[in-house]
Amino acid sequence: MPRSKKGRRGSSKPGVRNGVKGESGPSDDELTSDILSHCSSASECTSVLEEGLGGEQVDEQTAQEETEDKLKQCIDNLMDKSTKTRLAGLESLRQAFSSRVLYDFLTERRLTITDCLERSLKKGSVEEQAAAATVFTLLCIQLGGGDEAEEGFKMVRPILTAILIDNGANIAVRQSCARALGMCCYVSTAEEGEDLIKSLALLESVFTSSYPNREGTLPTPKPGTPALHNAALQAWSLLVTLCPESRLTVLLDHHLPKLQACLQSSDVNYRIAVGETIALLVELRRDIDEEFELDSESMCECLKSLATDGNKHRAKNDRRKQRSVFRDVLHYIENEDFNVEKIRFGMESVYVDSWMRRRIYDAFKEILESGVRHHLQFNPLLRDIFGLGPPLILDATVKGPKISRYEKHLFNSAAFKARTKQRSKVRDKRADVM
């Protein structure tokens, strides 16, 4: 199993779980019923999720061997001369990595896969480059917080960086590289923080081009750039959750006024990302200083305007989404209220009860998509990050006593406060290095 790094991202103490005990997850037969489908060496590679093993009863070892054979073929297809075959292989691996935990299989082949992805990033088509960046992100999540992911990130980071800062590169590819840089750094960065500082600076160099000029005027965005700024800002805000206290104070003082100006952006998704980032920075600042108050009437007025925006020239769905997010942001800024979200998976659940947790959960959900619940249930990395403890293995015939919703919430809140204190200690230790 992947080795988690002690003291990172607010891990809970052994035995403390941010979930609900209950029945076990899917049985072996259920898991093999939708096992990875065949990846042929021809120009097409069928989805590893669409084709099952059929109705025949096979033992666990046979099923495992067949699964690994199909994954091996998908990996071989990454080295094929045909672009179509390579793209099909990347898509199949993306679906497999997002829907299954494959640590044991991938540990032995991580260097081969990394070499293939590196080649696709350097020489592939636009679509292949974007897909390779996504698959590499998933590979880092599969490998967890150990040395394997860190080694892979150090190999690929220069390529991701070169594409990200290349203004001539395709916007969609740069977006994928921004997300990959943020998530891979979050998952695999070592405690010394050198990669963290470099990644933060690179991502800043991308989204700060949306900041107002000296006259206070927002630049006119080129087609596609708001989406790139959005991806870079979200990746940056994910990494901010790892920063020590001393750096958080500097970041807040520097970025908050400029982010406030970006609330007037013409792109709704970028406005929302900016609002959520402002709430996150304020929350992290309040973690350091409980007496901290955001002294900005203009900020609150701007948030109120966005929370009640009824301009007809905006799309109806955009207005609804914007109002919902900015109501939450405004309530937190003014009253420190947060709209808690409960995520269920298997017989467990996790509470998203802070802006930091929302940013982390949303980042994993964006890359894992529908597979995020499976990874919360079985991936030791995600379970460590969210304080869930080791994966539960329970007898389906044994049901534990029912816990009330209120008791669960109190339990999760207490566990999260404990992790916050631990995170603060880690920040103090990193301060000298930063």
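## Exercises on a predicted model: cavities, core, cysteines and salt bridges

Counting cavities of 30 Å³ or more gives five in this structure. Keep in mind that this is a predicted model.

**Exercise 1. Work out what surrounds the largest cavity, and which helices contribute to its lining.**

Step 1: Start with the volume. The largest cavity comes to about 90 Å³.

Step 2: Find the residues around the space. The lining consists of Gln234, Ser237, Ala273, Glu276, Thr277, Leu280, Trp355, Arg358, Arg359 and Asp362.

Step 3: Place them on the helices. α10 (225-240), α12 (268-288) and α15 (355-368) each bring at least two residues to the lining.

Step 4: Sort by class. You should get four charged residues, three polar ones and three nonpolar ones.

**Exercise 2. Find which residues touch the most other members of the largest nonpolar core, and which helix gives the most to this core.**

Step 1: As background, nonpolar side chains in soluble globular proteins tend to be buried together.

Step 2: Look for the best-connected members. The largest nonpolar core holds 114 residues, and Phe97, Tyr186 and Phe364 touch the most other members.

Step 3: Now the helix. With 11 residues, α12 gives the most to this core. You met α12 in Exercise 1 too, where α12 supplied at least two residues of the cavity lining.

**Exercise 3. How many disulfides does the whole structure have, and where do cysteine 185 and cysteine 243 stand?**

Step 1: Recall the chemistry: a disulfide is a covalent bond between the sulfur atoms of two cysteines.

Step 2: Search everything. The total is zero disulfides. For cysteine 185, the nearest cysteine sulfur belongs to cysteine 184 and is 8.8 Å away.

Step 3: Set that against the cut-off. A pair counts when its sulfur atoms are within 2.5 Å, and cysteine 185 is in no disulfide.

Step 4: Repeat for cysteine 243. The closest cysteine sulfur, in cysteine 185, is 9.5 Å off, so that is too far for a bond.

Step 5: Check the surroundings. Cysteine 185 is buried at 0% relative accessible area, and cysteine 243 is buried with 0% as well.

**Exercise 4. The whole structure has 13 salt bridges. Take three of them and say where the partners lie and whether they are buried or partly exposed.**

Step 1: Try arginine 157 and aspartate 195. Their closest N and O atoms are 3.2 Å apart. The pair links distant parts of the chain, with arginine 157 in helix α7 (residues 147-164) and aspartate 195 in helix α9 (residues 194-207), 38 residues apart. Arginine 157 is buried at 15% relative accessibility, and aspartate 195 is buried at 6%.

Step 2: Move to lysine 198 and glutamate 194, which form a salt bridge with closest N and O atoms 3.2 Å apart. Both sit in helix α9, four residues apart, or about one turn of the helix. Lysine 198 is partly exposed at 36% relative accessibility, and glutamate 194 is partly exposed at 46%.

Step 3: Finish with glutamate 348 and arginine 383, whose closest N and O atoms are 2.9 Å apart. Here the salt bridge links distant parts of the chain, 35 residues apart: glutamate 348 is in strand β2 (residues 348-352) and arginine 383 is in helix α17 (residues 380-385). Glutamate 348 is buried at 6% relative accessible area, while arginine 383 is buried at 0%.

Step 4: Look for shared partners. Salt bridges of that kind join Glu91, Arg94 and Glu369 into one network.

Methods. Residues numbered from 1 in each chain as written. Predicted model: local features only at pLDDT ≥ 70, side-chain atom pairs only at ≥ 80, totals over all residues. Heavy atoms only, no water. 1 Å grid on protein atoms, 1.4 Å probe; cavity = no way out; pocket = protein on both sides within 12 Å on 5 of 7 lines; lining within 4 Å. Points joined across faces, edges and corners; volume = space filled by probe spheres on them. Nonpolar A, V, L, I, M, F, W, Y, C, P; charged D, E, K, R; others polar. Core = buried A, V, L, I, M, F, W, Y, C linked by side-chain atoms within 4.5 Å. Buried < 20%, exposed > 50% of the residue type's maximum accessible area, 1.4 Å probe, protein only. Salt bridge = Lys/Arg side-chain N within 4 Å of Asp/Glu carboxyl O.
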